[in-house]
Amino acid sequence: QVQLVESGGGLVQPGGSLRLSCAASGMILNIYDMGWYRQAPGKQRELVATVTSEGSINYADSVKGRFTISRDNAKNTVYLQMNSLKPEDTAVYYCNAQHLLLSKKYEYWGQGTQVTVSS
């Protein structure tokens, strides 16, 4: 059974930093494209950052230069380092895993971790 478990969220002041972790189990992480998404109250879920199984990285324009996504396949864990946090970064952050095999898409989500940026 595949599980993605996020951790590291919390309350931080504007300008502060947080590091989110996504621990995967029941799967071989290195064949999956991994991503972080977020959903603020009243808004749709949006992409924050992705890292493919080959290591290609993509960021939303709103977080470029402030957030860094990384993966440690040996630890089956994906990270999101968030610096220079802004109140508009407040949201529930979700980990996502995707893998395409023989035209079938396998996709999994974590339960989310709350990030609140406020003074």
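These notebook entries record what I looked up on one sheet and on the salt bridges of this structure.

**Entry 1: the model.** I note at the outset that the model is predicted.

**Entry 2: the sheet.** I began with the order of the strands. Four strands make up an open sheet, arranged 1-3-8-7, with antiparallel pairing. I then asked which strands stand at the edges of the sheet. They are strand 1, residues 3-7, and strand 7, residues 67-72. Each has a single partner strand, so one side of each is left without a neighbour in the sheet. I also looked up the twist, which averages 15 degrees from one strand to the next.

**Entry 3: strands 7 and 8.** I next followed one pairing in detail. Strand 8 spans residues 77-82 and pairs with strand 7 in the antiparallel sense. I counted the bridges between these two strands and found six. For Thr-68, I recorded Gln-81 in strand 8 as the bridge partner. As general background, strands of a sheet pair through backbone hydrogen bonds.

**Entry 4: the salt-bridge search.** I searched the whole structure for salt bridges and obtained five. I describe individual pairs below.

**Entry 5: Asp-89 and Arg-66.** In this salt bridge, the closest N and O atoms are 2.8 Å apart. I then checked where the two residues lie along the chain. Asp-89 belongs to the loop between strand 8 and strand 9 (91-101), while Arg-66 belongs to the loop between strand 6 (57-59) and strand 7. The pair is 23 residues apart and links distant parts of the chain. Are these two residues buried or exposed? Both Asp-89 and Arg-66 are buried.

**Entry 6: Lys-64 and Asp-61.** The side chains of these residues form a salt bridge with an N to O distance of 3.1 Å. I looked up the accessibility of each partner. Lys-64 is partly exposed at 49% relative accessible area. Asp-61 has 64% relative accessibility and counts as exposed, because the cut-off for that class is over 50%.

**Entry 7: Glu-107 and Lys-105.** I found a further salt bridge between these side chains, at 3.7 Å from N to O. Glu-107 is partly exposed, with a relative accessible area of 34%. Lys-105 is also partly exposed, and its value is 47%.

**Entry 8: the network.** Finally, I asked which residues are joined into one network by salt bridges that share partners. They are Arg-38, Glu-46, Arg-66 and Asp-89. Asp-89 and Arg-66, the buried pair of Entry 5, thus reappear here as members of that network.

How values were computed
Residues numbered from 1 in each chain as written. Predicted model: local features only at pLDDT ≥ 70, side-chain atom pairs only at ≥ 80, totals over all residues. Heavy atoms only, no water. Pairing = 2+ DSSP bridges. Axes fitted to C-alpha atoms, helices over the stretch in contact; angles between N-to-C directions. Salt bridge = Lys/Arg side-chain N within 4 Å of Asp/Glu carboxyl O. Buried < 20%, exposed > 50% of the residue type's maximum accessible area, 1.4 Å probe, protein only.
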